[in-house]
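Me: Could you walk me through this one? I'd like to know how the strands fit together.
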Amino acid sequence: AVRNDASSNFLRFVQEGNRVLLLTGQWVLVAGTSTSFATVDCSSSIPASSRTGIFEIGVALSHSVANVSFNTYLARNGDAGGQVVLNAHSQVANVAVALTGEFMCVTDGTQKVQYYIGNAPNVSGGAYIAVWGYYDRM
């Protein structure tokens, strides 16, 4: 299964076996600041036949207090727990924090995941999630 962009063009991809890698990440969350689990819909980037996405998780923020944790969690939608995928801290007040990583995460039947960030930044930014691919049952 392939996905289309807003203009109905196929998203550019490379397929190897049942792994599909998108050549351009598809942002599904920008500057998220939810401090409790919130749902993120990935269905525009992950087809209905897939249950596992390949995600880039990022934290880019500024905070006016030093030594605050901005751990970011990602989990299958509806699961009570989550795994820490990024451990980010503001070491110095008003200095930007930026950290990214790539992770696989199981989605639910509607291609949704859930995330939260340990603390909401009080100046700017937040958590970012992009879909870079998925595993499909072909």
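**Strand pairing in the sheet**

Reply: Let me begin with one pair in this predicted model: strands E4 and E9 are joined by ten bridges, and their pairing is antiparallel.

Me: ok, and which residue in E9 is the bridge partner of isoleucine 57?

Reply: The partner of isoleucine 57 is glycine 101, which belongs to E9.

Me: what about E4 and E11, how many bridges join those?

Reply: Twelve bridges link strand E4, covering residues 50-62, with strand E11, covering residues 124-136, and these two strands run antiparallel. Within that pairing, serine 62 stands opposite serine 124 of E11.

Me: is E4 mostly buried or exposed, and why?

Reply: Of the 13 residues in E4, ten are buried, so the strand is largely enclosed by the rest of the structure. Buried here means that a residue has under 20% relative accessible area.

Me: zooming out, what order do the strands take in the whole sheet?

Reply: The sheet is an open one made of five strands, arranged as E1-E2-E11-E4-E9 with antiparallel pairing. Strand E1 (13-16) and strand E9 (97-106) are the edge strands, since each of them pairs on one side only.

Me: and how many degrees does the twist average?

Reply: From one strand to the next, the twist averages 25 degrees.

Terms used: Residues are numbered from 1 along each chain as its sequence is written. This is a predicted model: local features need pLDDT of at least 70, side-chain atom pairs count only at pLDDT 80 or more; totals for chains, interfaces and linings use all residues. Side-chain values use heavy atoms; hydrogens and water are left out. Two strands pair if DSSP finds at least two bridges between them. Helices (H or I, at least four residues) and strands (E, at least two) are DSSP runs, numbered from the N terminus. Axes are lines fitted to C-alpha atoms, for helices over the stretch in contact, and angles run from 0 to 180 degrees between N-to-C directions. Buried means under 20% relative accessible area, exposed over 50%, partly exposed in between (1.4 Å probe, protein chains only).
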